[in-house]
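I opened my notebook to look up how the chains meet and how the strands of a sheet are arranged. My entries follow in the order in which I looked things up.

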Number of protein chains: 2
Amino acid sequence: MDESTPLKVALLGCGTVGSMVARLLIEQADDLEARIGRPLELVGIAVRRLELERPGIDRTLLTDDALSLAGRADVDLVIELLGGIEPARSLILAAIAAGSSVVTANKALLAEDGGTIYAAAEAAGVDVYYEAAVAGAIPIIRPLRESLVGDEVTAVMGIVNGTTNFILDKMHTDGADFADVLAEAQRLGYAETDPTADVEGYDAAAKAAILASLAFHSRVKLSDVAREGITGVTSADIAAAKEMGCVIKLLARCALSDDGTIALGVHPTMVPASHPLAAIPGAYNAVFIESRHAGRLMFMGPGAGGSPTASAVLGDLVTAARNRVRGTRGPGESTYSARGITPAGKVCSRYYVSMTVTDAPGVLAQVATCFARHEVSLQAVRQESQGVEARLGVMTHLAMEDAISATIADLRSMAEVRPQIAVMRVEGA
Amino acid sequence: MDESTPLKVALLGCGTVGSMVARLLIEQADDLEARIGRPLELVGIAVRRLELERPGIDRTLLTDDALSLAGRADVDLVIELLGGIEPARSLILAAIAAGSSVVTANKALLAEDGGTIYAAAEAAGVDVYYEAAVAGAIPIIRPLRESLVGDEVTAVMGIVNGTTNFILDKMHTDGADFADVLAEAQRLGYAETDPTADVEGYDAAAKAAILASLAFHSRVKLSDVAREGITGVTSADIAAAKEMGCVIKLLARCALSDDGTIALGVHPTMVPASHPLAAIPGAYNAVFIESRHAGRLMFMGPGAGGSPTASAVLGDLVTAARNRVRGTRGPGESTYSARGITPAGKVCSRYYVSMTVTDAPGVLAQVATCFARHEVSLQAVRQESQGVEARLGVMTHLAMEDAISATIADLRSMAEVRPQIAVMRVEGA
């Protein structure tokens, strides 16, 4: 192939990101050609509904036969932007079988069944790139897979879902309730009509699984991730966090446990205002990495949206295209460490526990004894009398989830403690 | 070569970073082998003084004949950690001529004469990686060269020198003078005995040249960078910045000018407290990228030190080694845009100008007229009477450096204005 022979590109999906990618392939054609060494030619776009108006898109490229397009033998690079498990998986496998490299933003598929995709790519000698699947335009996959590959990553922690960050930010700023802010976010287009994937933490959990796989050279799946959304976060929780000098963020967290297994989960978490993640506003994303030698690194930027996601897709497309031109491929899946997952109950965190108790002598001692019985040690206690009752806020040192759960169950059985007990993880040592 | 044949590594330099790299090549040998697909074998370390004690380093590896080591035909990968122009350049060229890929942290050499190195590598078909040359362990070279390669970067701005950031941070916190803080930084080992490269901005300027080359696909050299250090920053400047809700940072800045040339410089700059770069503490580095599609990204982390730099070197080493195993190479120098440099006088910035004037009717009008004559428009003016004299602080809108210089010269010629006029750039629109 000489330098003027185009590399052929097929696009699956033409929504917000897809149509932006299609436009940029035309607009930036000269730059892309200069950076790759050969031109790119968009040869087809698979869509569900052929009849829709698509401004700026060449109608002759459209097809509703995605499988035929993905499996074209003359195509070099397939971009998958449909999302979801099927038909995305079948289409990606068809593309790989036909010898194409794949660029995808599909976090759900990679977290659910990435192993199948990576194995097929390995066997076919093609690339699968997915920078856009986690934290939008923020380069995080490539730094983990390549820049930090000579180091030992010990923890990755991030705000990787813009919708929930927007909602929690608003709840903090306005003191509003979750339901009201969600309704507003839906009106503004920041949240989907069915917000489950975002607010219940599924989206963040899929990203946590992908980040953990890369950071710890192991295969980690969505089902490995302990997951808690933000639907249970109340304005009282927000107020309590403020009192403690914290903000509440939905954190995706993966870290090496002492026994070498991977502790990972997505939980609403109190983050001290002094922590760099505390200041990440609205729809931004940020990922914080701790590694043995590099120390603490943080990456922030827009976590979603058509343009940022298209930027990440095109960066991967250029890299995959360069590999084609050189007849090589990038690093594949790395699972040699084969680390297990820390059982959720054994994962350690600091906790903030707040409750209402009878304001009588000896009650604080009883509560403290209850924590001690489960070997949960306390860092700070704050008691505030409100007449016959008192509010009690307890900050623990690092404790296992099992120990906290047992403590809470015991507290609930005490006559002096009201059953409504709020518990939240706290980031920081 | 089968999978058990080691790739041979030569190390030039065994100071803080070099000795750490040598140790990690042993300690992390299994991980590195798993990630590369073949083992690495350190076959020699070039040092200036053979007789020095080097704990943990195998003495049989040491040699003082760097040229012979660098040029060994059986070596695959050469790590250059000597710094400076010569003999580093000759050694790197010898390594490339012998068919080795090179990993270097040498910002001075790359900013001065990178073109020679990259051209030699291109001709020989080998890699030159240099993540450690800019911002220590923060992945910034790879994101610019690969992740954002499908986008159009419009500006890169950063705190890329830890020594000056430490000094300015201390001056802010303690209200101390430059000379006192520098002496303290030297005592603590944060500043060199000869601090010129850091405090005069040469180190930051070299990094700015490297970042601009990558961001704008052009060849940019150290001599293209307008440079001003922090030796002229006074405690009065710091106090004035505080009054304006700003902190002073030594910013390396490169951006596309309207005419498509590259505006770049290193200057002490007032940064509004709300800007993410304002909060970067002490010896940390941070790089802020603006691009057309990805939007605003920020990367932060430790900017120097043996461990973080070693992490960046090893990440590059693994990448270069993987390329060897696959018989390929990574992206080379990209200069197709061949953009020119904006003349320093034509670079636009906001400025803060503070001066002492005679406190008499009409003086403010005269000063304002002087700015207007040079077409510098004012955003804010703050006047504070001190009896017979008044302090006057003026924040401009975007103005060209030439216009500001001419304005200051005119102001100095006015009898009502004291000759001591402080001028500083201000970041933000």
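**Where the chains meet**

I began with the strands at the contact and found that β12(A) pairs with strand β12 (residues 295-302) of chain B in the antiparallel sense, over 3 bridges. Within this pairing I noted that A:M298 stands opposite B:M300 in β12(B). I should keep in mind that I am reading a predicted model.

I then looked up the whole contact, to which chain A gives 41 residues and chain B gives 41 residues. On the side of chain A that touches chain B, the elements giving two or more residues are α2 (29-36), α6 (141-147), β12 (295-302) and α12 (306-326) of chain A. I wrote down that α12(A) provides the largest share of that side, with 11 residues. Sorting the residues of this side of chain A, I have 21 nonpolar, 12 polar and 8 charged.

**The sheet in chain B**

Next I turned to chain B, where I found an open sheet of 6 strands with parallel pairing, in the order β3-β2-β1-β4-β5-β6. Why do β3 (62-63) and β6 (128-129) of chain B each have one side without a neighbour in the sheet? They stand at the edges and each has a single partner strand, so one side of each is left free of a neighbour there.

For β3(B), I looked up the partner, which is strand β2 (residues 40-46) of chain B, paired in the parallel sense over 2 bridges; here B:A46 has B:T63 in β3(B) as its bridge partner. My last entry concerns helix α12 (residues 306-326) of chain B, which packs on the sheet and touches β1 (7-12), β2, β4 (77-80), β5 (101-104) and β6 of chain B, while its direction makes about 170° with that of β5(B).

Note on methods. Residues numbered from 1 in each chain as written. Chains lettered and ligands numbered in written order. Predicted model: local features only at pLDDT ≥ 70, side-chain atom pairs only at ≥ 80, totals over all residues. Contact = placed C-beta atoms within 7 Å. Helix = DSSP H or I, 4+ residues; strand = E, 2+ residues; numbered from the N terminus. Nonpolar A, V, L, I, M, F, W, Y, C, P; charged D, E, K, R; others polar. Pairing = 2+ DSSP bridges. Axes fitted to C-alpha atoms, helices over the stretch in contact; angles between N-to-C directions.
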